Amino acid sequence: MAKSAIRIEHVVKQYGNHTVLKDISLEIQEGEFVCLLGPSGCGKSTLLRLIAGLDMPTEGKIYLKEKEATWLPSSKRNFGIVFQSYALFPNLTAFENVAYGLRNKKVRERDVNETADRFLHMVGLSDAKGRYPSQLSGGEQQRVALARALAISPSFLLLDEPLSALDAKVRIRLRKEICQIQRELHLTTIMVTHDQDEALTMADRIIVMNKAEIMQTGTPQEIYEQPGNKFVADFIGAINFYRDFEREDQLNAIRPENIQVETKDFAGSILAVIDDLEFRGNFCRLTAKVSHVLRKDELMVDLPYSEVKKKNLHVGTKIYLAIPGQQTLHFAV
Ligand SMILES: Nc1ncnc2c1ncn2[C@@H]1O[C@H](COP(=O)(O)OP(=O)(O)OP(=O)(O)O)[C@@H](O)[C@H]1O
């Protein structure tokens, strides 16, 4: 049976008159990888800091492994943490940076070498262990920070935007590596990010936050396919919102990849003209000017690049669109 690793009950955090977290409750199971996802300033880092004990809640309770830990000092919570800035000691080698964390935890000296080596190996840095941070790339420095966080055998791992300072290729490689290591160690992990791709590709469960509140919690598929409200639908993935003439009381929405596109007229189709065609590698995003069937002038439509070529689509091409009913999302206005 799943065991509770972290439980937050009705947590409120205020700085003066400013409420940064409003009545937050959530539970994270042992071994789960959870992403806190939301726009800048929504309170994600504050929530992470409360879990780490680096800050205290104004109200509410925090439990770690079913024991109340609301006021437990940070040093007693046994977590590993990795920040956006690598936060390595510049005057220590990669190996010494990891070893420092272990000595800090009073690991026996004869175990320090073996453990530091093992975790540097795990993050693929055995050959670079004698280098100083200035001699390592950003991605390598972040691997050292990860090895340092993991080496102390933490009960849980906290990642605060660990990949956002890295370039796109390194970021994607490290995403995979972090997920592999996390699964291998079955380590409860909470990652803060404002990058939806990162959350969708890495998390078992995503907690979407906005303006100090949790908007929705669910697997990446649930969040993407069944967004609970307009904010979530808009924040995650691309989406077209529209009202139709029949249902004035509802806001409908459709993801651009779910719109059907043909070059010939078909029953129930909407006539449109391609106004813009943006090449995005494996797919194209079309902006289609639509006739007045919808209360909307244009729709975003995503098509595989192969389809765009096959259908010979260009700016100015007339197309016929359909919005499949089963793919439509409905929100209260
Ligand atoms: N020590 C503090 N004193 C006063 N206000 C604070 C403090 N720390 C954070 N805040 C405020 O709390 C709000 C939430 O900040 P937080 O860092 O948790 O947001 P975030 O979602 O992590 O955003 P970002 O992605 O930009 O880091 C912000 O409005 C911020 O200005």
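**View 1. Strand 9 (residues 205–210) and strand 10 (213–218) pair in the antiparallel sense over five bridges.** The model is predicted: local features need pLDDT of at least 70, side-chain atom pairs count only at pLDDT 80 or more, and totals for chains, interfaces and linings use all residues. Residue numbers start from 1 along each chain, as its sequence is written. Strands here are DSSP runs of E, at least two residues long; helices are runs of H or I, at least four residues long; both are numbered from the N terminus. Two strands count as paired if DSSP finds at least two bridges between them. I207 stands opposite T217 in strand 10. Strands 9 and 10 form a hairpin with two residues between them. K211 sits in that turn and has a positive phi of about 45°.

**View 2. Six strands make an open sheet in the order 6-7-8-3-9-10.** The pairing is mixed. Which strands stand at the edges? They are strand 6 (79–82) and strand 10, each paired on one side only. From one strand to the next, the twist averages 15°. Axes are lines fitted to C-alpha atoms (for helices, over the stretch in contact), and angles run from 0 to 180 degrees between N-to-C directions. Strand 7 (residues 156–160) runs parallel to strand 8 (residues 188–193), with five bridges between them. L159 has M191 in strand 8 as its bridge partner. Strand 3 also pairs in the parallel sense with strand 9, over four bridges. Here C35 stands opposite I206.

**View 3. Twelve named residues surround the ligand: Y15, H18, V20, G38, S40, G41, C42, G43, K44, S45, T46 and H194.** A residue is counted as near the ligand if its C-beta atom, placed from the backbone, lies within 6 Å of it. Strand 2 (18–29) and helix 1 (44–52) each supply at least two residues of this shell. Which element gives the largest share? Helix 1 does, with three residues. By residue class, the shell holds three nonpolar, eight polar and one charged residue. Nonpolar means Ala, Val, Leu, Ile, Met, Phe, Trp, Tyr, Cys and Pro; charged means Asp, Glu, Lys and Arg; the others, Gly among them, count as polar.

**View 4. Helix 1 has six buried residues listed here: K44, T46, L47, L48, L50 and I51.** Buried means that 20 or more other C-beta atoms lie within 10 Å of the residue's own; exposed means 12 or fewer, and partly exposed is in between, with C-beta atoms placed from the backbone. K44 and T46 also belong to the shell around the ligand. Just after helix 1, G53 takes a positive phi of about 80°.

**View 5. G31 lies in the loop between strand 2 and strand 3 (33–37).** Is G31 buried or partly exposed? G31 is partly exposed, because 17 other C-beta atoms lie within 10 Å. Along the chain, G31 and D204 are 173 residues apart. Their C-alpha atoms are separated by 9.7 Å.

**View 6. Strand 1 (residues 4–15) runs antiparallel to strand 4 (residues 59–64), joined by five bridges.** V12 has E59 in strand 4 as its bridge partner. Strand 4 also pairs with strand 5 (residues 67–68), antiparallel, over two bridges. L64 is matched there with K67. Strands 4 and 5 form a hairpin with two residues between the strands. In this hairpin, K65 takes a positive phi near 45°.

**View 7. Three strands form an open, antiparallel sheet in the order 11-12-18.** Strand 11 (240–242) and strand 18 (329–332) each have a single partner strand, so one side of each is left without a neighbour in the sheet. The twist averages 30° from one strand to the next. Strand 12 (residues 250–254) pairs with strand 18 over four bridges. N252 stands opposite H330 in strand 18.

**View 8. The protein chain is divided into domain 1 (4–232) and domain 2 (239–332).** These bounds come from an automatic or database domain assignment. Taken over C-alpha atoms, the two domain centres are 39 Å apart. An unreviewed UniProt entry annotates residues 6–236 as "domain: ABC transporter". UniProt positions follow the numbering used here, feature names are shortened, and annotations may be inferred rather than shown by experiment. The span 6–236 is 37% helix and 27% strand, and its end C-alpha atoms lie 25 Å apart.
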